[in-house]
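Open the structure in your viewer and keep the selection panel at hand. The tour goes from one selection to the next and says what is there.

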Amino acid sequence: MKKKISALGNLLETPQHILIVTHPNPDGDAFGSVLSLSLFLQKYGHQTTVVSPSNFTKNFYWLPGIETLESFESNKEKLIEKVKTAETIFCLDFNTLTRIEEIGTHIAASKAVKVMIDHHQMPENFADITFSDTKYAATCEYLYDIFCELGKNEWIDKDIALNLYTGLATDTGFFNFNNTTDNVHKVAGALITAGVSPDFVQDKVFNIFREERLRYFGYCLQNRLKVVHHGKLAYMMVTKEDAAKFHLQAGDNEGLVNFPFKIEGVEVAVLFTEETGKVKISFRSKGKIDVNDFARKYFEGGGHINAAGGKSKLSISDTEMSFLNKSKELFENH
Ligand code: 5GP
Ligand code: MN
């Protein structure tokens with residue numbers, strides 16, 4: 001860590017143009033990490049461009065700096081140019097360039113110094129400085145430690161703290177998941193000291209459904225939820241028609257995958273959502289059941305042991321068949 005921190009410290013001494021990118025369909029940790037880093041880098045005098053590879057949910061409109069976040073999907077020409085001219089590129093909350101699709105090919109080709117900060121399994125070796133550690137529950141937790149190691153604790157103002165806290169809270173299920181360590185609580189405490197109100201974040205993250213979205217969740221639980229393997233596996237297949245019926249917007253599926261765990265005995269929950277040309281998959285599991293491994297092996301994905309994502313190019317019904325055929329493997333040796 002010491003060597004990398006001093007390399008990063010040296011890199012940041014000269015004001016420059018810095019591009020910060022996260023994964024497609026950014027979640028709380030992705031938003032929180034890119035926005036807090038952008039605000040932090042501006043204090044050095046750097047110019048920052050903050051990019052999501054895809055269009056993104058409006059649900060985080062309340063995060064400080066969110067108005068600066070640009071979508072590569074909506075503004076390719078301009079942002080390809082920004083990738084070309086950036087002197088440094090930060091990659092946050094993902095660890096392979098293929099994960100970020102088209103913008104990844106431009107980043108691979110750019111001459112910029114690349115810095116990765118991430119907490120997922122199996123990092124690729126594409127960056128000049130790689131901060132990759134699965135002990136961190138959130139990229140935001142890692143960033144907090146990096147800001148402190150750089151000796152800049154006092155730069156963590158209320159806006160930066162709110163972004164960091166949001167990532168930390170969302171990636172730990174508001175301090176409920178088994179990645180909630182003593183360091184998570186220490187960092188959360190420090191961020192509260194810096195001015196964050198936990199009740200504000202809780203309210204903004206959880207109580208922001210449109211009526212239609214809540215009814216959609218109810219519809220999925222009523223009509224789409226299947227429970228198999230003696231009650232240990234629960235999954236939902238959501239079609240494009242379902243999404244159209246409830247006028248779903250980007251990010252509206254966030255959180256749905258966790259609901260089946262309300263049923264006692266469920267150990268794995270999976271959500272399949274049909275998109276154009278592919279089915280997006282979210283996996284969640286309990287304890288030692290490794291959905292990262294499963295997603296990587298069968299569904300071109302990855303993530304963490306207990307929370308991973310992936311995709312299938314088959315039709316939604318063929319995806320279901322294929323998944324069910326493989327699903328027994330999840331419960332072997334447990
Ligand atoms: P979610 O199910 O919420 O989309 O993602 C759960 C976790 O898996 C997140 O940490 C996310 O970054 C990761 N993840 C989601 N989709 C993919 C994917 O296609 N590839 C990889 N490597 N990780 C993914
Ligand atoms: Mn994360």
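Select strand β12 first: this strand gives the shell around ligand 1 its largest share, 4 residues. The model you are looking at is predicted.

**Stop 1: the shell around ligand 1**

Extend the selection to β10 (278-285), β11 (302-303) and β12 (307-312), each of which contributes at least two residues to the shell around ligand 1. Then show the whole shell, which has 13 residues, the closest being His-120, Lys-280, Ser-282, Arg-284 and Gly-302. Colour the shell by residue class, and 8 polar, 3 charged and 2 nonpolar residues appear.

**Stop 2: polar contacts of ligand 1**

Now show Lys-280, Ser-282 and Gly-302 as sticks together with the ligand. From Ser-282, a side-chain N or O atom sits 2.6 Å from an oxygen atom of ligand 1. Lys-280 also places a polar side-chain atom by a ligand oxygen, at 3.2 Å. At Gly-302 the backbone takes part: one of its polar atoms is 3.0 Å from a nitrogen atom of ligand 1. Switch to a surface view of the ligand. How much of the accessible area that ligand 1 has on its own does the protein cover? Of 490 Å², 81% is covered.

**Stop 3: the cavity**

Leave the ligand and run a cavity display. The structure holds 1 cavity of 30 Å³ or more, and the space in the largest cavity comes to about 30 Å³. To see its surroundings, select α2 (28-42) and α5 (139-149), as each of these helices supplies at least two residues of the lining. The full selection for the lining is Leu-8, Leu-12, Leu-37, Phe-40, Leu-41, Phe-90, Ile-117, Leu-143, Ile-146, Phe-147 and Leu-150. Which classes do these residues fall into? The lining has 11 nonpolar residues, with no polar and no charged ones.

**Stop 4: an aromatic pair**

Keep α5 displayed and add the aromatic side chains. Across the whole structure, a search finds 27 aromatic pairs. Pick out Phe-131 and Tyr-142: their ring centres are 6.1 Å apart and their planes stand at 90°, so this pair is edge-to-face. Turn on the cartoon to place the two rings. Phe-131 belongs to strand β6 (residues 129-132) and Tyr-142 to helix α5, so the pair ties together parts that are 11 residues apart in sequence. The tour ends on helix α5, which also supplies at least two residues of the cavity lining.

Terms used: Residues numbered from 1 in each chain as written. Chains lettered and ligands numbered in written order. Predicted model: local features only at pLDDT ≥ 70, side-chain atom pairs only at ≥ 80, totals over all residues. Heavy atoms only, no water. Near = heavy atom within 4 Å. Polar contact = N/O pair within 3.5 Å; in protein donor to acceptor, adjacent residues only side chain to side chain. Areas by Shrake-Rupley, 256 points an atom, 1.4 Å probe, with all protein chains shown as cover. Nonpolar A, V, L, I, M, F, W, Y, C, P; charged D, E, K, R; others polar. 1 Å grid on protein atoms, 1.4 Å probe; cavity = no way out; pocket = protein on both sides within 12 Å on 5 of 7 lines; lining within 4 Å. Points joined across faces, edges and corners; volume = space filled by probe spheres on them. Phe/Tyr/Trp six-rings, centres within 6.5 Å; stacked < 30°, edge-to-face > 60°.
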